Structures are given as C-alpha cells and as structure tokens.
Amino acid sequence: MKISKITYKAIFLSIFLSSICSTFAQDGENKFGIKGGINFSNFHSTNDDINDQNLRFGYQGGLFFKFALTDFLAIQPELLYNTKGSEVDYNLGALGSGEITQKFGYIEIPLLAVVNLGQKLNVHAGPYVAYMVNADVENNSNDNSFDFANDLDPDEFERLEYGIALGAGFEFDILKIGARYDYGLTNVGKEQNFTVAGNEVSSNAFKNEKNSVFSIFLGFSF
C-alpha cells in the first residue's frame, strides 16, 4: 500500500507538534500572576514647536501569563492598565506659549518573548498594542485666551497605539522584579481645533508625539 506525500506531511506535522507539546508540558513551568509598577513617561517627538519635556510619573497594573516552551524560552502575554504622558513646554508663535500636562490611560496588551539567561535572570522583548480609555489634559498658557484644556478629550487623540517593549527581570519563586522600556511607534495627537480669542484655529503642534515610557515593576505569580 502506497502512502501519499500528503500523508507523509501529515505524519511529520503530527510528530513535530507532539514534540512541541511534550516539551511544553515537561520542561516548562507555566505561571499566572499580578504585577504593578511605577512609570516614568514622556514623548519622543519630531515637532519643532516642542521646546522641552519633563518626565511624568505614572503607574501600571494588571495580569501576566507566562507559557513556558522550554527551560530557556517562554511566551508572556499581559493585560495592563498603563498611564503615559508628559509635561511639555511649547511655543506656537502668535498663538502663545506655555506648558501642557498630558496624562493618558491605556488598556495595553504586550506579547513578549522571555529568554532565561540563568535560574533567575531573564530578558524579554516584543510588540504591544494599547487603546486609550481616558485623557487628562491641563494647559497653563502665558496668554489666558489660549486655554484649551477643557476642549480636549480622548477623541482628540489617536486612541490606538502600538510599539515595542524591551526589558529585563529577576524571578525568585513567586516574586518577580524588573524594568522595561516601551517605545511607541504611533502618533498620540491629531490635528486639533482650538478657540483663541473667539476665533477657530487649527494646529498640528501636538500631532507628532509618540509615547516613551520607562517602568519598574513588581509581580507575584501563582
């Protein structure tokens, strides 16, 4: 009886998947847990209207799931609430200058590859996608006629964000500590319309901002 090439391929694929599942079940240690941390955020920007930025303190918290493929490699998706933003000094010429504080809240899902470099040390990297659920904006302008903070809400910004996360951590039984850097690849702002001295004005002053966040986190696994 002849066995077709398709059958050979199916047998090979079954053996390959069985090997992966066997490795996953025997060598890996799967973990589920909670984590939280402190964020130090600002923007990386190509906008010439932005004169200076100050770090803004925020926080993050949520769940992580670590699926071990081998003792060396794991996949770790997370579900987080993450605050980002910055304090930005701006100069818009005739429109005025001042400082704007922007604080954004995101539901964020990183998908990380975790590489164990020893019994406790690991490095991790991967993409993330986030959705803005709230925006808190405060403007302190030198000209009170350019006080637009009350006109801005999440719909005035790009709600969907994605980027790259890179970090390292230590794991001690149920405890894990580490640090991570999130580099945003999408613009936070849109073209925005303001009312200045009774006139409608359009501006791209905050369009080319992208999130940049360094965080220190603590987690507990079960």
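Start by selecting D173, which lies in the loop between strand 7 (160–172) and strand 8. The model is predicted, so what follows describes computed geometry. D173 has a positive phi of about 55 degrees and is not a glycine. Most residues other than glycine have a negative phi. Display the solvent-accessible surface around D173: the residue is exposed, because its relative accessible area is 71%, above the 50% cut-off.

**Next selection: S221**

From D173, move to S221, since the two residues are listed as being in contact. S221 belongs to strand 11, which covers residues 209–221. Buried or exposed: which is S221? S221 is buried, because its relative accessible area is 8% and the limit for buried is under 20%. Apart from neighbours within four places in sequence, the contacts of S221 are K31, F32, G33, F64, D173 and I174. Show these as sticks before going on.

**Next selection: the aromatic pairs**

Keep F32 on screen and add F65. The structure holds 9 aromatic pairs, and F32 with F65 is one of them, with 5.1 Å between centres and 40 degrees between planes, a tilted arrangement. F32 sits in strand 1 (residues 31–45) and F65 in strand 3, 33 residues apart, so the pair links distant parts of the chain. F32 is partly exposed at a relative accessible area of 35%, and F65 is partly exposed at 29%.

Now select F40 and F214. Their ring centres are 6.3 Å apart and the planes meet at 35 degrees, so this pair is also tilted. F40 is in strand 1 and F214 in strand 11, with their positions 174 residues apart in the chain. F40 counts as partly exposed at 23% relative accessibility, and F214 is partly exposed with a relative accessible area of 37%.

Return to F32 and F65 and add F222: ring pairs link F32, F65 and F222 into a cluster.

**Next selection: charges over rings**

Select K35 and F217. The charged end of K35 sits over the ring of F217, 3.9 Å from the ring centre. Then select K84 and Y106, where K84 lies over the face of the tyrosine ring at 4.9 Å from its centre.

**Next selection: Y106 and the core**

Stay on Y106 and expand to its contacts. Leaving aside neighbours within four places in sequence, they are L80, Y81, N82, K84, A130, Y131, M132, V133, R159, E161, V188 and N211. Which residues have the most contacts inside the largest nonpolar core? They are F104, Y106, M132, F157 and V188, in a core of 15 residues. Strand 4 (73–91), strand 5 (97–116) and strand 6 (121–141) each give two or more residues to this core. Strand 6 supplies the largest share, 5 residues. In soluble globular proteins, nonpolar side chains tend to be buried together.

**Next selection: strands 3, 4 and 5**

Switch to a cartoon view and select strand 3 (residues 56–68) with strand 4. The two run antiparallel and are joined by 7 bridges. A hairpin of 4 residues connects strand 3 to strand 4. To check the register, pick F67, which stands opposite I75 in strand 4. Then add strand 5: 17 bridges join strand 4 to strand 5, again antiparallel. Here the register can be read from A74, whose bridge partner in strand 5 is V114.

**Last selection: the whole chain**

Zoom out. The protein chain has 1 helix and 11 strands, and the helix comes at the N-terminal end of the order of elements. Of the 222 residues, 40% count as buried. Among contacts with a separation of 6 or more, 68% are between residues 24 or more positions apart.

Colour by pLDDT to finish. The mean over the protein chain is 80, and 68% of the residues reach 70 or more. Which elements have the lowest and the highest mean pLDDT? Helix 1 (residues 5–26) has the lowest, 46, and strand 8 (residues 175–184) the highest, 97. Over residues 15–27 the pLDDT is below 50, and beyond near neighbours in sequence this stretch has 10 contacts in the model.

Notes:
Residues are numbered from 1 along each chain as its sequence is written. Side-chain values use heavy atoms; hydrogens and water are left out. Buried means under 20% relative accessible area, exposed over 50%, partly exposed in between (1.4 Å probe, protein chains only). Contact means heavy atoms within 4.5 Å. A nonpolar core is a set of buried Ala, Val, Leu, Ile, Met, Phe, Trp, Tyr and Cys residues joined through side-chain atoms within 4.5 Å. Two strands pair if DSSP finds at least two bridges between them. Rings of Phe, Tyr and Trp (its six-membered ring) pair if their centres lie within 6.5 Å; planes under 30 degrees apart count as stacked, over 60 as edge-to-face and the rest as tilted. A charge sits over a ring if NZ of Lys or CZ of Arg is within 6 Å of the ring centre and within 35 degrees of the ring normal. pLDDT is the predictor's confidence in each residue, from 0 to 100.
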